[in-house]
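Thanks for coming. I will take a few minutes to walk through one structure, starting from a single residue and working outwards.

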Amino acid sequence: SDHNLDYPVSPDDVDWNTHYPAFAGSRKPEFADVGCGFGGLLIALAPLYPNTLMLGLEIRVQVSQYVEDRIAALRATSSAQSPPQSSPTNSKPASTDIPGGYQNVSIVRANAMKFLPNYFSKHSLSALFFLFPDPHFKLRKHKARIISPTLLAEYAYVLRPGGIVYTITDVEDLAEWMKAHLSAFPLFESVDVETLRAEGKGLILDAVWNSTEEGKKVERKKGEKWLACFRRIELPREP
Ligand code: SAM
């Protein structure tokens, strides 16, 4: 239940400074990992895109607390070991502006199916991740799926035109469900992996495939994975 959760009334009510103090409120999250679980994707992406703020949303209390502690520990150890950007041996002047050390990653405990627009303003995200979402196998539970016709309108709202929805699952039936719904929605179009790699998003695709805890579990079991990506387009497609 969501009753004991405090939700911000709107994205303007979120104090991003407490999430990303090193950025001093100068930026807002651009990547959102919905149902981030133990945080593997965000932890993998954070050092690759040090200037991009990332937020995980996770509904389970213990799991979101675990991720919060994990990020705090990573921040503490990386700042203790090396203040990399302020090091005099660092020859790249541009990097002095970038905090690094996992300062760009954070998490909220939230029911993303109900409260996504409370955190993200219109067109603010460039990437939205749905990685190994819970499958909700039974037909009467399909409305509990995180990709559904009603929720797609919200995802299109928070994503900027050109932004990408990344989905991956080991459940073939769910892969087909997500693909069918996203392809049918007028503000999304399917985009293949080669195109995204050509645009420089290969590191993101690799992290989506390899870096989450659920993905690693599937790998150990030698299970199959279905990856599908969709672009948020500017104007609705003709039906
Ligand atoms: N994405 C992670 C990964 O690949 O390792 C976790 C996958 S796990 C199978 C699905 C996660 O989604 C669980 O941690 C679950 O608690 C979370 N979840 C399910 N419904 C959610 C919701 N409405 N809002 C936020 N998180 C949710």
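When I say two residues are in contact, I mean that they have heavy atoms within 4.5 Å of each other. Please also keep in mind that this is a predicted model.

With that, let me start at Asp33. Not counting neighbours within four places in sequence, Asp33 is in contact with Leu41, Leu42, Leu55, Gly56, Leu57, Phe129 and Leu131. Asp33 itself sits in strand β1, which covers residues 31-34.

Is Asp33 buried or exposed? Asp33 is buried, and yet it has no salt bridge. A salt bridge here needs a side-chain nitrogen of Lys or Arg within 4 Å of a carboxyl oxygen of Asp or Glu. For Asp33, the nearest side chain of opposite charge is that of Arg70, and it is 9.4 Å away.

Now to the strands around it. β1 and β4 run parallel and are joined by 3 bridges. One residue pair to look for is Ala32 with its bridge partner in β4, Leu128. Strand β4 spans residues 125-131, and 7 of its 7 residues are buried. β4 also runs parallel to strand β5, residues 159-169, with 6 bridges between them. There, Leu125 has Leu159 in β5 as its bridge partner.

Next, a residue outside the strands. Where is Tyr102? Tyr102 is in the loop between α3 (61-81) and β3 (105-109). Leaving out residues up to four places away in sequence, Tyr102 touches Ile43, Ala46, Pro47, Ile71, Leu74, Arg75 and Ser78. Tyr102 and Tyr20 are 82 residues apart in sequence, but their C-alpha atoms are 9.3 Å apart in space.

Stepping back to the whole chain: it has 9 helices and 7 strands. There are 239 residues, and 47% of them count as buried. If we take contacts between residues at least 6 apart in sequence, 81% join residues at least 24 apart. The accessible surface comes to about 12300 Å², and 55% of that belongs to carbon and sulfur atoms.

Last, confidence. The mean pLDDT of the chain is 90, and 87% of its residues reach 70 or more. Over residues 90-95, however, the pLDDT is below 50, and this stretch has 4 contacts in the model beyond near neighbours in sequence. Where pLDDT is low, the predicted coordinates should not be read in detail.

That is the tour; I am happy to go back to any part of it.

Key. Residues are numbered from 1 along each chain as its sequence is written. This is a predicted model: local features need pLDDT of at least 70, side-chain atom pairs count only at pLDDT 80 or more; totals for chains, interfaces and linings use all residues. Side-chain values use heavy atoms; hydrogens and water are left out. Helices (H or I, at least four residues) and strands (E, at least two) are DSSP runs, numbered from the N terminus. Buried means under 20% relative accessible area, exposed over 50%, partly exposed in between (1.4 Å probe, protein chains only). Lys and Arg count as positive and Asp and Glu as negative; His and the chain ends are not counted. Accessible areas come from the Shrake-Rupley method with a 1.4 Å probe; for residues, only the protein chains shown count as cover. Two strands pair if DSSP finds at least two bridges between them. pLDDT is the predictor's confidence in each residue, from 0 to 100.
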